[in-house]
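Reader: I am in my first year of study and would be grateful for a close look at a single part of this model. Could you please take one helix and explain what surrounds it?

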Amino acid sequence: MAADSGFPWDGIESFIFRMLRHAGHLVSLLELSVLNLTRRSPVLEPRPYTDFDPDSDASIEAMAHVKSLLGFIGEDPEREGLLDTPKRVVKAMNEHYWGYHADPFEPLARTFSEVENYDELVLLQNMDIQSHCEHHMVPFVGKAHVAYIPSGKVVGLSKLARVVEIFSKRLQVQEKLTAQIANTIQEALQPQGVAVIIQARHFCMCYRGVKQSNAWTTTSKLHGVFLENPAARMELLTLIGSNPGRD
Ligand SMILES: [Zn+2]
């Protein structure tokens, strides 16, 4: 989806300036907004999303429901073009919601401590996120930035991206997604600080309801030094503002 072309870099800059000016106030507001969103959710039987079995009882039942939804919107589910649609939809859902079958702590289980005492900021920027809102089951897409300051141990960078992916591939609200990623990294690595910033466009707001197709939503969750130390927070926001992926 066209998340790249329309990404509001001006938006993130103004967000950074706003955050610098009102950092304490904003942080306490965001803290409030993610209260009670941090409980661990259960992990189903682990499996890769490619493990789709169209002949399982669960798949057959789900396909029957899709077929009845086709009738509900006024379609003829028996016409040729729609015969395989229930199967395709259920297969796609298996991929969209694969994250229920993965443990977000698993990618962070292997850490490295031989890092020459590196204890400065590690920032992974501009990760694509594709998730689905839990209210309408339609996509929200955007970018995630994840930062942490190690405390004796680091993880492989791709593992941070994997944590983002696992939580994204579940039904979400953006605030909860942001908090779950930050809280998981905080709990698993016990670093000096963690910061997660997500900017996303919500299709449920673009194409229905208020039809705000250019509205981007920004959320952040900070832990440790990013919360307590304005200099650490400023370094993070300056680095994100100097965005290396910017065209
Ligand atoms: Zn929605």
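Author: A definition is needed at the outset: a crossing of two helices is left-handed if the near helix is turned anticlockwise from the far one by less than a right angle, and right-handed if clockwise. Please also bear in mind that this is a predicted model.

The part chosen here is helix α5, which covers residues 157–168. Helix α5 has 12 residues and reaches 17 Å from its first C-alpha to its last, close to the 16 Å expected at 1.5 Å a residue. Its buried residues are Leu160, Val163, Val164, Glu165, Ile166, Phe167 and Ser168. What covers these buried residues includes strands β1, β2 and β3 as well as helix α6 (174–189).

Let us take the helix partner before the strands. Two packed helices are described by the angle between their axes and the distance between the axes. For α5 and α6, the angle is about 140° and the axes are 10 Å apart. Angles over 145 degrees count as roughly antiparallel and those from 65 to 115 as roughly perpendicular, so α5 is oblique to α6. On the side of α5, the contact is made by Val163, Val164, Phe167 and Ser168; on the side of α6, Leu177, Gln180, Ile181, Thr184 and Ile185 take part. By the definition given at the start, α5 and α6 form a right-handed crossing.

We turn next to the strands. Helix α5 lies across β1, β2 and β3, and runs at about 20° to β1. These strands belong to an open sheet of five, with mixed pairing, in the order β3-β1-β2-β4-β5. At its edges are β3 (171–172) and β5 (217–224), each of which pairs on one side only.

Strand β1 (residues 122–133) pairs with β2 (residues 139–149) in the antiparallel sense over nine bridges. Within this pairing, Leu124 has Val146 as its bridge partner, and Val122 stands opposite Tyr148. The hairpin of β1 and β2 has five residues between the strands, and Met137 there takes a positive phi near 60°. Strand β2 also runs antiparallel to β4 (residues 193–202), to which 10 bridges join it; in that pairing, Tyr148 stands opposite Val194. Nine of the 11 residues of β2 are buried, which leaves this strand mostly covered.

Helix α3 (residues 57–72) offers a contrast in burial: α3 is hardly covered, and the count of buried residues among its 16 residues is zero.

Methods. Residues numbered from 1 in each chain as written. Predicted model: local features only at pLDDT ≥ 70, side-chain atom pairs only at ≥ 80, totals over all residues. Pairing = 2+ DSSP bridges. Helix = DSSP H or I, 4+ residues; strand = E, 2+ residues; numbered from the N terminus. Contact = placed C-beta atoms within 7 Å. Axes fitted to C-alpha atoms, helices over the stretch in contact; angles between N-to-C directions. Expected span 1.5 Å × (residues − 1). Buried ≥ 20, exposed ≤ 12 C-beta atoms within 10 Å, placed from the backbone. Parallel < 35°, antiparallel > 145°, perpendicular 65-115°, else oblique.
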